[in-house]
Amino acid sequence: MPVPAPMAPATAALLQRGTVIPAHPLALTADRTLDERRQRALTRYYLEAGAGGVAVGVHTTQFAIRDHGLLRPVLELAAEESASAVASRPFLRIAGVAGPVHQAVEEAATARELGYDAILVSPAGLPHATLDALLDRSAAVGEILPVIGFYLQEAVGGRELPRAYWRALADQESTVAVKAAPFDRYRTLELVQGIADSDRGAEVALYTGNDDSIVADLLTPYHVTTPTGPAVRRFVGGLLGHWAVWTRSAVRLLADVHAAYAGDERALQRALARLAGDTDANAAVYDVRGAFAGVIAGVHEVLRRQGLLNGTWCLDPAESLSPGQAGEIERVHTTYPWLAEEDTFIAGALPRWLARHHPTGKTPPHREEE
């Protein structure tokens, strides 16, 4: 096995400090082929919105990209578009891997080749693997690149992972962070406690993936017992499909949360004012009423309304908006001002983001879509 590439110190510091990491969607044409122009535009949006990284090849990108030969192309596009940001500031490029050990290791090697910093290791598609097998898989991936553990909710392919699992994962020196997305308060607490149980617990950054309780996760002080005594752990940032939309708003939210940590009462009140509204917005986008059937299409619908995507197409033709879901998205958009404010930001920059890519790095004047 190759020696794992160390994360650049400034990038590692950003991960530990906490940042906004959108889970990157997949831009498709009406015939469900990759829309490279709009795929690039999405990455440009996240960069200019102030995100501290992107996660590509994850659930929001659609796990089925692997069946369509699209994993490497979408990883390449995000790497290319973020190259200028990486050269000027810390920016996390995270690749999702899936499948059994050999597949996950191969995908991690591809990500390393393309300049990615870390691997989000998904348990999806392995319902019968033992906990030891999952840990061995993470260790194998960790020989390629640093690992971000992933607690994925069962409704979209995850499974229950107990406290002991999270302690064992944190014990692995390659584990640098975990994403908690069980959509369950009890299981989230077990994850935090399991990480705290490890001698390495303080080295593992906590990121929320609980799109239904983002603000609550970020503001909650978790009082835990560690091998060296009592401590307080916090979720320092988020790696979220929900933050694939209204991303600049998410950047502002996390800035307020971090200011609240430092004692800024007005920032705390601004963050608290978002608590119920962000959950309401997520219920619409993630199609909670439809048991998450329209979760990916819901993300696409927000981006379509803003002009970043041409449609809500998913790789699976059966995957689409649920009845009434578009109306719910419209409702939350008009209810919460921080969502509508994003439209103005996007409209002003969209012509630049949609400008066609040139190998020279220059972009020609924008031409309307044919």
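User: In which hand does α2 pass α3?

Analyst: In this predicted model, α2 passes α3 in a right-handed crossing. Two packed helices are described by the angle between their axes and the distance between those axes. For this pair, the axes of α2 and helix α3 (residues 71-81) come within 9 Å and cross at roughly 45°.

User: Are α2 and α3 parallel or oblique to each other?

Analyst: Angles under 35 degrees count as roughly parallel, and with a crossing of roughly 45°, α2 and α3 are therefore oblique to each other. On the α2 side the contact is made by Glu36, Gln39, Arg40, Thr43, Arg44 and Leu47, and on the α3 side by Val74, Leu77, Ala78, Glu80 and Glu81. Sorted by class, the residues of the contact of α2 with α3 comprise four nonpolar, two polar and five charged.

User: At what angle do α2 and α10 pack, and how far apart are their axes?

Analyst: Helix α2 (residues 36-49) packs with helix α10 (residues 247-261) at an angle of about 30°, and their axes lie 8 Å apart. With the limit for roughly parallel set at under 35 degrees, α2 and α10 are therefore roughly parallel to each other. The crossing in which α2 passes α10 is right-handed.

User: Which residues of α2 and α10 meet?

Analyst: From α2 come Tyr45, Tyr46 and Ala49, which meet Thr247, Arg248 and Val251 of α10. By class, this contact of α2 with α10 has four nonpolar, one polar and one charged residues.

User: Turning to single residues, is Arg274 buried or exposed?

Analyst: Burial is judged from relative accessible area, with under 20% counting as buried; Arg274 is buried because its value is 11%. The residue sits in the loop between α11 (265-273) and α12 (275-285). Leaving aside residues up to four places away in sequence, Arg274 touches Val215, Ser249, Ala250, Leu253 and Trp338.

User: And where does Arg112 lie, and is Arg112 buried or partly exposed?

Analyst: Arg112 belongs to helix α5 (residues 101-113), and Arg112 is partly exposed, with a relative accessible area of 29%. Its C-alpha atom is separated by 9.9 Å from that of Ile94, the two residues being 18 residues apart along the chain.

User: What pLDDT does the protein chain average, and where does pLDDT stay under 50?

Analyst: The protein chain averages a pLDDT of 93, and 95% of the residues score at least 70. Over residues 358-370, however, pLDDT stays under 50, and for this stretch the model has 15 contacts beyond four places in sequence.

Definitions and conventions:
Residues are numbered from 1 along each chain as its sequence is written. This is a predicted model: local features need pLDDT of at least 70, side-chain atom pairs count only at pLDDT 80 or more; totals for chains, interfaces and linings use all residues. Side-chain values use heavy atoms; hydrogens and water are left out. Helices (H or I, at least four residues) and strands (E, at least two) are DSSP runs, numbered from the N terminus. Buried means under 20% relative accessible area, exposed over 50%, partly exposed in between (1.4 Å probe, protein chains only). Contact means heavy atoms within 4.5 Å. pLDDT is the predictor's confidence in each residue, from 0 to 100. Axes are lines fitted to C-alpha atoms, for helices over the stretch in contact, and angles run from 0 to 180 degrees between N-to-C directions. Angles under 35 degrees count as roughly parallel, over 145 as roughly antiparallel, 65 to 115 as roughly perpendicular and the rest as oblique. A crossing is left-handed if the near helix is turned anticlockwise from the far one by less than a right angle, and right-handed if clockwise. Ala, Val, Leu, Ile, Met, Phe, Trp, Tyr, Cys and Pro count as nonpolar, Asp, Glu, Lys and Arg as charged, and the others, Gly among them, as polar.
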